Every structure is written in structure tokens, then in C-alpha cells.
Amino acid sequence: MVKQQKNISFMQFIITYNIILLIPMMVISLSVFGLVRKQHYEKLVNEIYITMEKQVDYWKQQVSVITTYNTDFRYSKVYSRYESDFPDSYLDIINDLKQKESLFPFVERIYFYNANLKKVFTSGGTMGETLFFSKQCRLDKNLLEQTNGQGLAAGRAELYGGSSSGIVLLYQLSDPAAQDGDKGRYLLYTIRDEKLKEQFSQLKEEGITGITYLGKTIYSTSGTDLNEIEEKWYEAYYMDMDAGFNVWSILSKKEASKDAWIYFKSYGIWLCCSLLIGIILALYYSRKRYTMFQDLMTHNALLKGERNELRAESCLYELLSVKVEKGDFLWEKCLENGILLNRKWKYIIVFQKIKENEELNLWLEGLSRQEGCSNAYAIGIFENMCVYLVCSDEEREAAAGALTEFENRGAEFKAGEITENTGMIKASYEEIMREIRREQYQNGSYPKMELEALKEAAALGDDARKGVLLKELEIAVSEADEAVAVLVGSEVARLLNLDTEILYDSNQKGYRNAVRELLESALMKREMVPQKGEAADSGYRKKNIADVLTYMHEHYLDENFTVKYMAACFGTSISNLSHFFKKNMDTSISQYVDQLKLEKARELLSESDKKISEIAEILRYGNSTVFINMFKKYEGMTPKEYREKKRQG
């Protein structure tokens with residue numbers, strides 16, 4: 001289960017880490033994608049306009065030839081004869097048309113239509129207008145009327161009985177001011193779609209190229225009316241070809257995207273490869289990051305656990321020194337730190353660490369670890385004696401029965417009254433300790449056990465524990481003779497660095513009272529329980545190892561970081577702080593700081609290109625030599641060798 005949770009935690013870390021890395025890359029990729037798409041469309045538009053410019057030039061060249069022919073036709077005597085009995089003139093017209101067609105391959109046929117004669121002249125002969133307009137060239141008759149007003153018309157036509165299609169250009173040769181009997185002479189130029197397609201073909205497979213005259217479609221590669229094209233599917237571009245003609249190039253948006261696919265595909269392959277390589281590298285390096293992350297989380301968890309233990313321990317000491325009431329500051333503080341004073345029954349049990357009590361001790365240790373209806377809290381006051389506070393929701397008879405069973409098995413212990421009143425915890429403990437002192441120190445003997453415990457608490461700077469012991473020594477002195485009281489007072493003054501003047505000024509007070517006054521003054525110098533409105537935990541945080549470690553982790557690279565400065569911050573001496581740290585961490589402060597700097601040095605050597613001298617300066621070493629010697633002492637190699645080894649591995 002733990003391994004599965006670690007794997008899930010690792011995958012969550014990897015996903016978060018990779019997302020953070022990929023966000024900038026995706027932003028850049030989308031930006032590049034947009035630029036590629038924009039560049040591709042610009043390229044297509046440029047190609048379209050270049051092609052249309054060529055088509056316009058070609059059309060104008062052909063129209064210039066037609067204009068030349070029209071001028072020739074208009075002023076040629078061959079085409080101005082109206083007499084029907086001149087067969088020679090017919091032959092001249094036919095031969096002239098044949099010659100012009102041979103010199104002008106752009107057009108399929110050139111027809112001369114004489115409305116007066118109702119005849120149409122072709123390079124192959126003559127035919128009546130009815131036959132011509134029904135078989136040879138079917139077109140909209142309105143085009144003829146259109147030429148009467150403008151001299152020019154263009155439209156679609158079906159050629160050769162519908163076997164072919166194309167466009168027809170109509171030009172009026174007659175003078176509009178001619179007499180009514182002259183219905184007009186016209187030139188018809190037919191151009192097949194196949195001929196137009198040679199020059200006016202679509203740019204893309206799904207694109208459309210077309211020609212319009214006065215807004216009407218006369219040619220389209222797809223055969224559709226350009227006016228019916230939907231703008232949401234197509235992009236339209238056009239150029240003017242003069243005389244009302246326009247060339248159009250219709251680009252399919254789908255086709256444009258499809259054509260750009262080759263660019264997008266290449267770009268996609270590059271992007272996928274980059275992402276794959278990035279993910280592989282991220283997985284590789286994130287393993288290192290995750291290891292560092294896990295070490296940090298484990299370290300923080302340990303610090304948090306140690307801090308909670310110290311807080312709970314401080315609460316337990318205060319419970320033995322101060323009468324607590326339900327709902328007051330100490331009550332709430334105990335609940336916050338996992339001491340369940342809100343359970344129904346509470347009692348104190350004290351016993352020596354002897355073989356007869358091993359089974360009882362194991363039972364109480366089990367209650368302290370499990371989550372059930374009863375909890376036991378160990379209070380470490382004496383080295384050779386166990387003190388437990390038991391809080392239980394079991395029936396009172398069940399708790400009493402369990403203690404009776406252990407007593408029947410030979411366990412030797414003292415247990416206070418099983419009570420619902422939390423305020424009785426302090427009194428119950430004091431009563432038990434009186435009984436133990438009466439049994440161990442008969443006739444007011446010297447309280448050696450309490451003084452040895454006080455010596456240890458003073459060395460560790462454990463104020464809460466000192467408070468409990470000073471209270472007990474005060475009770476012990478009140479029951480001892482004056483000689484023992486003086487010895488106790490002198491030893492307490494020595495251990496706590498107190499002023500002994502009060503002991504020498506005891507003629508009127510008596511030695512016992514003087515010692516009690518000394519103990520009371522020692523108690524006055526510490527704050528057992530902060531009152532409401534004061535900073536919570538201010539009584540013990542100064543000596544909390546978790547706070548010391550946190551301070552060191554946050555400030556070990558500061559310029560003014562020294563053991564002396566740190567001791568001043570925690571309100572203690574250098575020797576006390578050093579001893580307290582050594583006791584809790586099994587290492588000295590200087591060695592611990594070296595390990596912090598060594599860890600930071602390994603990180604900088606592995607993940608940065610900073611010079612050795614720069615790293616030494618960051619870690620607050622006087623010069624590079626001191627840093628190199630320290631690193632080699634712990635790692636067995638120089639910083640340079642370590643960096644090369646990491647990069648090769």
C-alpha cells in the first residue's frame with residue numbers, strides 16, 4: 001500500500017513537473033504553427049495574383065487582336081456590300097474569314113452575321129440565321145440587343161449542336177445611327193472551353209478559375225456560377241481585364257489547409273519528436289528532482305513529527321504543574337497536540353523500570369500507539385521511573401479491573417484516582433509522588449532522583465520538565481530536615497545558576513524556608529503556561545529542536561550566521577545550545593552546517609555552470625581552498641571531479 005502511494009505520488013509529481021515544462025513549449029509551438037499557417041496562406045495568395053496577372057496579360061493580347069480585326073471588318077468594302085446578287089462578295093467574305101481564323105488560333109470560329117440578309121457567313125460557307133442560332137451556335141438572343149446599345153456583348157454558347165461549349169464575343173459593325181432598314185452587321189467570335197482552360201485553369205484541385213462579364217459568369221472551370229459560391233467555404237480573388245471582363249480565382253479553404261498539410265505534417269513530426277525527447281529528459285531529470293523532493297518532504301515530516309512530540313511533551317509536563325480546567329488555554333493546547341483530555345476518565349500511573357513491570361509497560365506502550373477508546377501518554381521525567389497519563393472512554397470498572405489484574409500478576413505501581421475531573425491530574429500526581437518519597441526517602445532523605453532529573457533537564461534546556469521537578473523538590477524540601485534542605489538548595493542553585501545570597505540570609509527565615517523561597521524564585525523565572533493573548537507555544541519554542549533546525553535551514557547561508565548569534569536568537573548560551581543540539585541530533589552544530597552546505601554544493605555542481613570560486617562564495621567560505629578541502633573530506637573527491645563524474649554519468 002505504501003509503495004503504491006509512493007508510485008502515485010511520483011506520477012503526480014512527474015505530471016506536474018512535465019506540465020510546467022511543456023506549457024512554454026506549447027505556447028511557442030502554437031505561435032510557430034500560426035506563423036507557418038499565415039506564411040502558407042500568404043504564399044498561396046501571391047501565387048494566385050501572379051497567375052492572374054499572367055492571365056490578364058494573355059486576355060488583353062487576344063482582345064487586342066480582336067479589336068484589330070473589328071476595325072478591319074468595319075472599314076472593309078467586302079463586308080459593306082449588301083446586294084445579294086453579288087456571289088463574288090460572298091466568296092471574298094468566306095476567304096477573309098478563313099484567313100483570319102488561320103492567323104488567330106485563340107478563337108474557334110469567326111462568324112459574320114448580316115441581319116438584313118438573315119445570313120451568317122463562316123469560313124466554310126453560308127447558312128441561314130435560323131439554322132445557325134439553333135444548331136451551330138446556340139446563345140441568348142438578348143446578347144444581340146445588348147450589342148445594339150454597347151457595341152459589345154459576351155455570354156455562354158453551345159457549339160455544334162451542343163457537342164461543345166464555350167463563350168461567344170459579339171461586336172456590332174453597323175453604325176447605331178443607320179437607317180431602320182439596316183438591322184445591323186455583327187461579328188461573333190466563339191472560344192471553346194478547352195481553349196480557355198489552357199490559360200485559365202484552376203490553381204488547386206478544388207479551386208475554381210472563371211471569367212465574368214458585367215458581373216455574369218461566362219466561364220468557370222467547375223461549370224458553376226461564381227455568384228453562387230459560399231464565402232464560408234471559399235476565398236475569392238479577382239483582377240480587372242478591361243471592357244467589363246474580370247478574371248476570378250476561387251480558393252477552397254479546405255484545399256488550402258490540405259495543401260498546407262505537408263508543412264503541418266513536417267511541423268507535427270518535429271513537434272512530436274521534440275515533445276518525446278522533452279518528456280524523456282523530463283522523466284530522467286524529474287527522477288532526481290523527485291528524489292530531492294521526497295528527501296525534503298521526509299525531512300519536513302520528521303521535523304514536524306519531532307515538533308509535535310516536543311509540543312505534546314511540553315503539554316504533559318504542564319499538566320503535572322498546573323491545574324487545568326475544561327475549556328481553558330491549556331485544555332485547548334493539549335487537544336491540539338493530540339492529548340485527548342476530552343475522554344471521560346483520566347488517571348496517573350507511576351512505576352519503576354523493573355522486570356515485574358515489563359508487561360504493564362508494554363500494555364501502556366500499546367495504548368499510546370493504537371487508536372482506540374483508551375490512550376496512554378508517557379511523561380519522561382525520571383530516568384528509572386515511568387509516568388503515564390491514561391485517558392479512556394471505557395467504563396470505570398473496566399479500567400480499574402485492568403489495573404487490578406496487573407497487580408495480581410505481581411506488577412508494582414502507584415495509580416491515582418480514576419476521575420472525570422481533569423483538574424485532579426496535578427493533585428493525583430503529587431499525591432503519588434509523596435507516597436513514593438515516603439517509601440524511598442524515609443525520615444526526609446536526600447531527593448537524589450529528582451535532582452538527577454533536574455540536572456538532565458537543565459542541560460537540555462527543557463523548561464517545562466524543570467518546572468515539574470522544581471515543584472516536586474519544593475514539596476520534598478517541605479518534608480525534609482534543614483540539613484537536607486540546604487543541600488537541595490545549594491545543588492539547585494548550582495544547576496540553574498541561581499543567586500545563592502538568599503541561602504546565606506536565612507537566620508530569621510530558617511534554612512527550609514530559604515530554600516523554598518529559592519525554588520519559588522526559580523519557578524518565577526519561567527512561564528509554565530502562556531496566558532490568553534500571548535503567543536502560543538512561547539514557553540517552549542525557544543528550545544524546540546524543530547525550530548532550531550528550521551532556523552539553521554533558513555539562515556545557514558546568511559553572512560552573520562554563527563552559533564553565538566543563533567544562541568542569542570534562542571535566548572540561551574552557546575554551550576547550552578550546543579549540548580542541546582548534540583543530545584537531539586547526535587552531531588555537532590558545525591558538522592550539521594557542513595552537511596547542509598555539502599548538499600547545496602552537490603546541487604550547484606550538478607545543475608549549474610557556476611565556477612568553483614562562485615560556489616565557495618555562495619556557501620560563505622573564506623576562499624576556494626577551504627571549500628575544496630571540506631568537499632574532499634566528505635566526498636573523497638574535489639568539486640571539479642564530482643562535477644565531471646556527474647556529467648559523464
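What follows is a short walk through a few spots in this structure, which is a predicted model.

A good place to begin is helix α3, which covers residues 129–136 and includes Q136. Q136 has a relative accessible area of 19%. The cut-off for calling a residue buried is under 20%, so Q136 counts as buried. Its side chain is not without a polar partner: Q136 and Y111 are joined, side chain to side chain, by a polar contact of 3.2 Å. Y111 also turns up in the wider list of residues that Q136 is in contact with, once neighbours within four places in sequence are set aside; the others on that list are M127, L131, E158, L159 and Y160.

Next comes a sheet. Four strands make up an open sheet in the order β9-β8-β11-β10, and the pairing is antiparallel. Its edges are formed by β9 (216–220) and β10 (234–240), each of which pairs on one side only. On average, and with direction ignored, neighbouring strands here are turned by 30° against each other. Inside the sheet, β8 (residues 208–213) and β11 (residues 245–252) run antiparallel and are joined by six bridges. Looking at one residue in particular, T212 has N246 of β11 as its bridge partner.

Further along the chain sits helix α8, residues 329–336, where L330, W331, K333 and C334 are buried. These four residues cover an arc of only 165° around the helix axis, so they lie on the same side of α8. The spacing fits a general pattern: an α-helix has 3.6 residues a turn, so residues three or four places apart point the same way. Both ends of α8 are worth a look. At the start, a side-chain oxygen of D328 comes to within 3.3 Å of the backbone nitrogen of L330. After the helix comes G338, with a positive phi near 85°.

W331, one of the buried residues of α8, also leads to the last stop, because T422 touches W331 and is itself buried, at 7% relative accessibility. T422 belongs to the loop that runs between β15 (413–415) and α11 (424–440). Not counting residues up to four places away in sequence, T422 also touches V324, L341 and K346. The chain brings another residue to this spot as well: K326 is 96 residues away from T422 along the chain, yet their C-alpha atoms are separated by 7.1 Å.

Methods: Residues numbered from 1 in each chain as written. Predicted model: local features only at pLDDT ≥ 70, side-chain atom pairs only at ≥ 80, totals over all residues. Heavy atoms only, no water. Helix = DSSP H or I, 4+ residues; strand = E, 2+ residues; numbered from the N terminus. Buried < 20%, exposed > 50% of the residue type's maximum accessible area, 1.4 Å probe, protein only. Polar contact = N/O pair within 3.5 Å; in protein donor to acceptor, adjacent residues only side chain to side chain. Contact = heavy atoms within 4.5 Å. Arc of directions from axis to C-beta. Pairing = 2+ DSSP bridges. Axes fitted to C-alpha atoms, helices over the stretch in contact; angles between N-to-C directions.
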